[in-house]
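Subject: Structure for you to look at

Hello,

Here is the structure I said I would pass on. Please open it first, then read the notes below with it on the screen.

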Amino acid sequence: MTPTVAGALDRLAATIAARKGADPETSWTAKLLAKGPEKCAQKFGEEAVEAIVEAVRGDRAALVSEAADALFHLLVMLAARDVTLADVEAELARREGTSGLAEKAARKK
């Protein structure tokens, strides 16, 4: 990941965290968070499906847009359950250098 992208995700995660206490009438993020983790998860699922559809269609620009929506809603869903981007990054770092096949096999135990 380039520093610009990583910085953008960090800034987005920080903005989402700041919106947790905001007025739902003035912020889409606050409104979504106020509806609870289940609604946040549902919205993430919808956005993930839209990204999948665009990946299958092969429309690169639409996929980029839908992937951005999915990332945003993933971060909102995580925030709704008090999971931070740093928590996810730590898990990715823990897995770094491990074969994906080995990591998956270890989860089955």
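Is D82 buried or exposed? D82 counts as exposed, because its relative accessibility is 60% and the cut-off for exposed is over 50%. This residue lies in the loop between helix 4 and helix 5. Its phi is near 55°, a positive value in a residue other than glycine. Please keep in mind that the model is predicted.

The chain as a whole

The chain has six helices and zero strands. Read from the N terminus on, the elements run α-α-α-α-α-α. The C-alpha trace spans about 45 × 35 × 30 Å along its principal axes. Of the 109 residues in the chain, 25% are buried. Among contacts with a separation of 6 or more, 51% are between residues 24 or more positions apart.

Helix 3 and helix 4

Two packed helices are described by the angle between their axes and the distance between the axes. Helix 3 covers residues 37-57 and helix 4 covers residues 60-80. Their axes come within 8 Å and cross at roughly 160°. Angles over 145 degrees count as roughly antiparallel, so helix 3 is roughly antiparallel to helix 4. The crossing of helix 3 with helix 4 is left-handed.

Which residues make the contact? Helix 3 contributes P37, C40, A41, K43, F44, E47, A48, E50, A51, E54 and A55. From helix 4 come A62, L63, E66, A67, D69, A70, H73, L74, V76, M77 and A80. By type, the residues of this contact divide into 15 nonpolar, one polar and six charged.

E47 is one of the contact residues of helix 3. At 5% relative accessibility, E47 counts as buried, because the cut-off for buried is under 20%. Leaving aside its neighbours within four places in sequence, E47 is in contact with E66, D69, A70 and H73. You can find each of these four partners in the list for helix 4.

The nonpolar core

In soluble globular proteins, nonpolar side chains tend to be buried together. Here the largest nonpolar core has 13 residues. Those with the most contacts inside this core are I16, L33, C40, L75, V76 and L85. Helix 1 (3-19), helix 2 (28-34) and helix 4 are the elements that give two or more residues to the core. Helix 4 supplies the largest share, six residues.

Two of the residues just named, C40 and V76, also take part in the contact of helix 3 with helix 4. As for L85, leaving aside its neighbours within four places in sequence, this residue is in contact with L9, D10, A13 and L75.

Two exposed residues

What is the relative accessible area of L92? The value is 53%, so L92 is exposed. L92 is found in helix 5, which covers residues 85-95. From C-alpha to C-alpha, L92 and W28 are 29 Å apart in space, and they are 64 residues apart in sequence.

A61 has its place in helix 4 and is exposed, with a relative accessible area of 58%. A61 and R19 are 42 residues apart in sequence, and their C-alpha atoms are 28 Å apart in space.

Regards

Notes: Residues numbered from 1 in each chain as written. Predicted model: local features only at pLDDT ≥ 70, side-chain atom pairs only at ≥ 80, totals over all residues. Heavy atoms only, no water. Axes fitted to C-alpha atoms, helices over the stretch in contact; angles between N-to-C directions. Parallel < 35°, antiparallel > 145°, perpendicular 65-115°, else oblique. Left-handed = near helix turned anticlockwise from the far one by under 90°. Contact = heavy atoms within 4.5 Å. Nonpolar A, V, L, I, M, F, W, Y, C, P; charged D, E, K, R; others polar. Core = buried A, V, L, I, M, F, W, Y, C linked by side-chain atoms within 4.5 Å. Buried < 20%, exposed > 50% of the residue type's maximum accessible area, 1.4 Å probe, protein only.
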